[in-house]
Amino acid sequence: MSLFCLIHGSTQNSECWNLLIPELEKLNHQAVKIDLPSDRQNAGGMLYAEIIAKQLETIEESVILVGHSFSGMFLPLVASLRPIQHMVYLASFIPKVETSIAGQLFDESPDLFVPDWAEAWTSAIGAGKCPIDDYELALHFLFHDCTPEVAKWGFSTRQLTNAQAAINEVFPLTNYPSNVSHSYIVCNEDRTINPIWSRRAAHDILGVKAIELASGHCPYLSVPKELASILDAVSKANS
């Protein structure tokens, strides 16, 4: 049995994990959901890591961190603050020592985002709109492989976590914590984080082969049973 710490991405709140948790429990695991603030645009990555660690302070055992989307950049930071059994990057950013996520995006890895997603997001912001409040945009890019009912429910969990300072800052650590292993799950139908980039970055930055999952960007909504099965296998391999 493992305890999974589930960290939501930048477009939904922690309720987004509600379909996955029962599937993990069926496999004799437990899970805790982390709530990230939506009003800390100027906070650096270490502050987010401290917020996550604070919500885990009553938990003595080592946990498996699961970071979705932008929250991948916080995983090594949390591991520098408390014992961690394993880190799972789920269709997520991967921080890189001596650069920032923005630096990766603009200088090293312009294919990090799927071009259509980057264009749609930029256009919405330019028009003074909040991209996550556009249901058709969310349906096309985030929930396209969900049932209509699940897509509508997933849209109700939307929350914009705008960690702009954390994205722009150089990664705060000089090295990844050496005593923590990691896995990367690539969603091969992802329309936001580019699966091509994910596979390459998992190999080049983490030194692992990405685990393939047939889903869009939010597999905890569209294929929670399949995602739970992968997390169960990761747990057994890193127990």
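## The largest pocket

In this predicted model, the lining of the largest pocket is made up, by class, of 18 nonpolar residues, 10 polar residues and one charged residue. The volume of this largest pocket is about 660 Å³, and of the 29 residues that line the pocket, those closest to its centre are Phe93, Phe113, Trp121, Gln164 and Ile167.

Two or more lining residues come from each of helix 4 (101–108), helix 5 (115–126) and helix 8. Among the contributors, helix 5 provides the largest share of the lining, with five residues.

## The nonpolar cores

In soluble globular proteins, nonpolar side chains tend to be buried together. In this model, the largest nonpolar core holds 46 residues, of which Cys5, Ile52, Leu56, Leu65, Met73 and Tyr184 touch the most other members. A second core, separate from the largest one, has 35 residues, including Ile21, Ile64, Trp117 and Leu142.

Leu56 offers a closer view of the largest core: when residues up to four places away in sequence are not counted, Leu56 touches Cys5, Val32, Ile34, Val63, Leu65 and Arg82.

## Helix 2 and its neighbours

Which residues of helix 2 (residues 45–55) are buried? They are Gly45, Tyr48, Ala49, Ile51, Ile52 and Ala53, and Ile52 also appears in the largest nonpolar core, as one of the residues that touch the most other members.

The buried residues of helix 2 pack against two strands and two helices, namely strand 1 (3–7) and strand 2 (30–34), together with helix 3 (75–79) and helix 8 (164–168). Helix 8 also gives two or more residues to the lining of the largest pocket.

Technical notes
Residues are numbered from 1 along each chain as its sequence is written. This is a predicted model: local features need pLDDT of at least 70, side-chain atom pairs count only at pLDDT 80 or more; totals for chains, interfaces and linings use all residues. Side-chain values use heavy atoms; hydrogens and water are left out. Buried means under 20% relative accessible area, exposed over 50%, partly exposed in between (1.4 Å probe, protein chains only). Helices (H or I, at least four residues) and strands (E, at least two) are DSSP runs, numbered from the N terminus. Contact means heavy atoms within 4.5 Å. On a 1 Å grid over the protein atoms alone, a cavity is a set of points where a 1.4 Å probe fits but cannot get out, and a pocket is an open set with protein on both sides within 12 Å along at least five of seven lines; lining residues have an atom within 4 Å of a point. Grid points are joined across faces, edges and corners, and a volume is the space filled by probe spheres set on the points. Ala, Val, Leu, Ile, Met, Phe, Trp, Tyr, Cys and Pro count as nonpolar, Asp, Glu, Lys and Arg as charged, and the others, Gly among them, as polar. A nonpolar core is a set of buried Ala, Val, Leu, Ile, Met, Phe, Trp, Tyr and Cys residues joined through side-chain atoms within 4.5 Å.
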